[in-house]
Amino acid sequence: MKVSKLWTDLSAGLFQGLDASALETFRAPGGLNRRLAAWDPAEQSLRYFKFLLQHVAQGKAEAFFERYRRLGDVTIGRPVSVTVEGCAINVDHLFAVEEVMFVEAALAPERLRTIVEIGAGFGRTAQAFLCLQDQLQSYTILDLPQVLRLSQLYLRRVLPPALFAKPRFVNALEPRAEIAADLVLNIDSFQKMPRETVQQYLRAPVGQARAFYTKNPIGKYEPASVGIEVRDRATLAEGFSLGLCTDVVDIFDTQALAAARTKYLAAYSPGPTWRVTADAPMDMFPYLHHALYERAR
C-alpha cells in the first residue's frame, strides 16, 4: 500500500512517539486533531470567516438579495466577500441590509423621513438607508471628526449626486442645536462610549426622536473565551466599563444570552414613555441584539 509523502512526513513528525498523555490536549487548538478530523480552530486564514459569512447569507430570503443588489458599489475598500445568488456579499453590507429590513418591518415608510445616526463608521448603514428608502429627506451623521471624513469620502464615492445631497455630517465634539428626527440609530458604538456619554445621547438626539433603533452587544465577554490573550488588564478593565451593559457574559451559552437580553432592553430604553416594539438577536453574532423603541401613544 502506497502512503503519500504528506502522511509519511506527518507520521514521522507530529505522530511520532505518542503515549497516553497525548490524549490530554490532542483536540485543543494547535493539537494533533487539526490533521485528523477538523481544521485548527485558531488557524490563521479566512476559512472559518468565509464559511460563516456564506452560511448566513445562504439563509436569506429573496427580499434580502433584491435589496442588496440596489446598494450599488459594495466593493470599495476591498472587503472579503463570498458569492451567493450572484451577489458579492461582504459582512458590512450584509449587516446594513439586515438593519434596514429590521426597521422596515416595524416602521411604515411614511413615518421615516429623517434619520440621525450616532457613529456611522465608514457609512455602510447610511448607504443602505439612502439607497433603499426613497422617501428619506435627510440623513444626519454624528461622529468624531476623523471618522466623519472617512464616511464623507466613502458616501461621496458610492452615492449618486442626488442621494449624496441628503446626508449631513456633524462633528459630535462640537456644540450643536437640537436635531429632531423620525428615527435615531446607533449600531455597535454605544458599547465603546462612557456611560455618561451614552446617557447624554439618549437625552438628545434620541429623546427628541419618534423612534430609536439600536444594535449593540448585550454584555462584555472575556477575551480568553475567543482565544485572545490580554496582557494589559488595565485597558481591558476600561473596556469592560464602557457602555450600559457591562456584565461579563458567556456569549457561547444560550441561557446566559437570554438572561442578558432582558437587561439590555431595559438599559437602552430612552425613558419611561418609550416601549420596545421589535427586538431580535443578530443572526451572525447573537450577543448583539436588534431593538426598536417607540414613544408610547
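What is the volume of the largest pocket? Here are some friendly notes to read beside the structure, and the pocket comes up in point 2.

1. **The whole protein.** Please keep in mind that this is a predicted model. The protein has 297 residues, and 43% of them count as buried. Its secondary structure comprises 10 helices and 9 strands. If you follow the C-alpha trace along its principal axes, the span is about 75 × 40 × 35 Å. Sequence distance is worth a look too: among contacts between residues at least 6 apart in sequence, 68% join residues at least 24 apart.

2. **The largest pocket.** The answer to the opening question is about 680 Å³. Around this pocket you will find a lining of 29 residues, and those nearest its centre are Ile118, Gly119, Asp143, Ser189 and Met193. Two or more lining residues come from each of helix H4 (91-106), strand S3 (114-118), helix H5 (124-132), strand S4 (138-143) and helix H8 (195-203). H8 contributes the most, with 3 residues. Sorted by character, the lining holds 15 nonpolar, 6 polar and 8 charged residues.

3. **A residue in strand S4.** Try finding threonine 140, which belongs to strand S4. Is threonine 140 buried or exposed? Its relative accessible area is 5%, so threonine 140 is buried. Beyond its neighbours within four places in sequence, threonine 140 is in contact with Ile115, Val116, Glu117, Arg168, Val170 and Ile179.

4. **A hairpin to trace by eye.** Strand S1 (residues 81-84) pairs with strand S2 (residues 87-90) in the antiparallel sense, and the pairing runs over 4 bridges. To see one of these pairs, start from valine 82 and look for its bridge partner in S2, isoleucine 89. The hairpin of S1 and S2 has 2 residues between the strands, and here glutamate 85 takes a positive phi near 55 degrees.

5. **The cysteines.** A disulfide is a covalent bond between the sulfur atoms of two cysteines. How many disulfides does the count come to? The count comes to 0. Take cysteine 131 as an example: the closest cysteine sulfur, in cysteine 87, is 14 Å from its own sulfur, so the two are too far for a bond. The cut-off used here for a disulfide is a pair of sulfur atoms within 2.5 Å. Cysteine 131 counts as buried because its relative accessibility is 13%. Cysteine 245 also counts as buried, at 9% relative accessibility.

How values were computed
Residues numbered from 1 in each chain as written. Predicted model: local features only at pLDDT ≥ 70, side-chain atom pairs only at ≥ 80, totals over all residues. Heavy atoms only, no water. 1 Å grid on protein atoms, 1.4 Å probe; cavity = no way out; pocket = protein on both sides within 12 Å on 5 of 7 lines; lining within 4 Å. Points joined across faces, edges and corners; volume = space filled by probe spheres on them. Nonpolar A, V, L, I, M, F, W, Y, C, P; charged D, E, K, R; others polar. Buried < 20%, exposed > 50% of the residue type's maximum accessible area, 1.4 Å probe, protein only. Contact = heavy atoms within 4.5 Å. Pairing = 2+ DSSP bridges.
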